[in-house]
Amino acid sequence: MGLPAEFEPEKLFSGILYTDNEMRELAVSRLSELYGRIDYVSREFSFSEFSDYYSYEMTGEVKRVFVSFESHVDPSKIAKIKLETNNIEADLSPDGKRQVNIDPGLITRGALLLPTTKPAGHRIALYDGIYIEMTLFWSRGKWNVFPWTYRDFASSEVQTEMKKIRDIFIKTRRKLLRGET
């Protein structure tokens, strides 16, 4: 019989959708207050090239950046983190229209996981209305997609950024396992 053990900490990152750079900076600042020092900021992407899902609500061309955090997190906390990022979105949306959309996620050695409030057949219920899905999996030295992978995450541009974040995670994970700080 296997015995339960603590989960190995994983790499927390967040995708931020926005139309206004000032709102992006406010979101990044709030995320950093909650989750610590940021160790990576991606280049800016045009999310509108992949989907117009947020264009009406956010009015204009929707852009995205990814940030990752220096400290690693207990993966069982991802639903709580999603609820916290939803609160940041609400705080930064005084008129009820979102100015930013914050999508936290985890990178593990073998997967990229995204929590969501939307149920679907491939998503697993966590708690308080939060589900999780494996969006990408790592095999043979690269990210691989599923039929449900979001179009932007299926793109080579986003996968390149996610590989950079994974590389940081693997490097820092090795140091942690060796007891280095």
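How do the residues of the lining of the largest pocket divide into nonpolar, polar and charged? The model here is predicted. In it, that lining holds 10 nonpolar, five polar and nine charged residues.

Start with the pocket itself. Its volume is about 490 Å³. The lining counts 24 residues. Y53, Y54, D103, K118 and Y150 lie nearest the centre. Several elements give two or more residues to this lining: α3 (78-91), β5 (100-107), β6 (111-116) and α4 (151-154).

Y150 leads on to the aromatic rings. Besides its place in the pocket lining, Y150 belongs to a cluster linked by ring pairs. The other members are F13, F45, F66 and F153.

The aromatic pairs come to 10 in total. One of them joins F137 and F146. Their centres are 5.1 Å apart, and the planes meet at 45°. This pair is tilted, because 45° falls between the limits of 30 degrees for stacked and 60 for edge-to-face. F137 has a relative accessibility of 27%. That value lies between the 20% and 50% limits, so F137 counts as partly exposed.

F146 also pairs with W148. Here the geometry is stacked. The centres lie 4.6 Å apart, with 5° between the planes. W148 has a relative accessible area of 31%, so W148 is partly exposed as well. F146 thus takes part in a tilted pair with F137 and a stacked pair with W148.

A ring can also face a charge. The charged end of K97 sits over the ring of Y56. The distance to the ring centre is 5.5 Å.

Next, a polar contact. S46 lies in strand β3, which spans residues 45-46. F45, a member of the ring cluster, falls in that strand too. Is S46 buried or exposed? Its relative accessible area is 14%, which is under the 20% limit, so S46 is buried. The side chain of S46 makes a polar contact with the side chain of E61, at 2.7 Å.

Finally, look towards the start of the chain. E6 lies in the segment before β1 (10-18). With a relative accessible area of 79%, E6 is over the 50% limit and therefore exposed. Which residue is 70 residues from E6 in sequence and 9.7 Å away in space? It is S76, with the distance taken C-alpha to C-alpha.

Notes: Residues are numbered from 1 along each chain as its sequence is written. This is a predicted model: local features need pLDDT of at least 70, side-chain atom pairs count only at pLDDT 80 or more; totals for chains, interfaces and linings use all residues. Side-chain values use heavy atoms; hydrogens and water are left out. Rings of Phe, Tyr and Trp (its six-membered ring) pair if their centres lie within 6.5 Å; planes under 30 degrees apart count as stacked, over 60 as edge-to-face and the rest as tilted. Buried means under 20% relative accessible area, exposed over 50%, partly exposed in between (1.4 Å probe, protein chains only). A charge sits over a ring if NZ of Lys or CZ of Arg is within 6 Å of the ring centre and within 35 degrees of the ring normal. On a 1 Å grid over the protein atoms alone, a cavity is a set of points where a 1.4 Å probe fits but cannot get out, and a pocket is an open set with protein on both sides within 12 Å along at least five of seven lines; lining residues have an atom within 4 Å of a point. Grid points are joined across faces, edges and corners, and a volume is the space filled by probe spheres set on the points. Helices (H or I, at least four residues) and strands (E, at least two) are DSSP runs, numbered from the N terminus. Ala, Val, Leu, Ile, Met, Phe, Trp, Tyr, Cys and Pro count as nonpolar, Asp, Glu, Lys and Arg as charged, and the others, Gly among them, as polar. A polar contact is a pair of N or O atoms within 3.5 Å; within protein, one must be able to donate a hydrogen and the other to accept it, and residues adjacent in sequence count only if both atoms are side-chain atoms.
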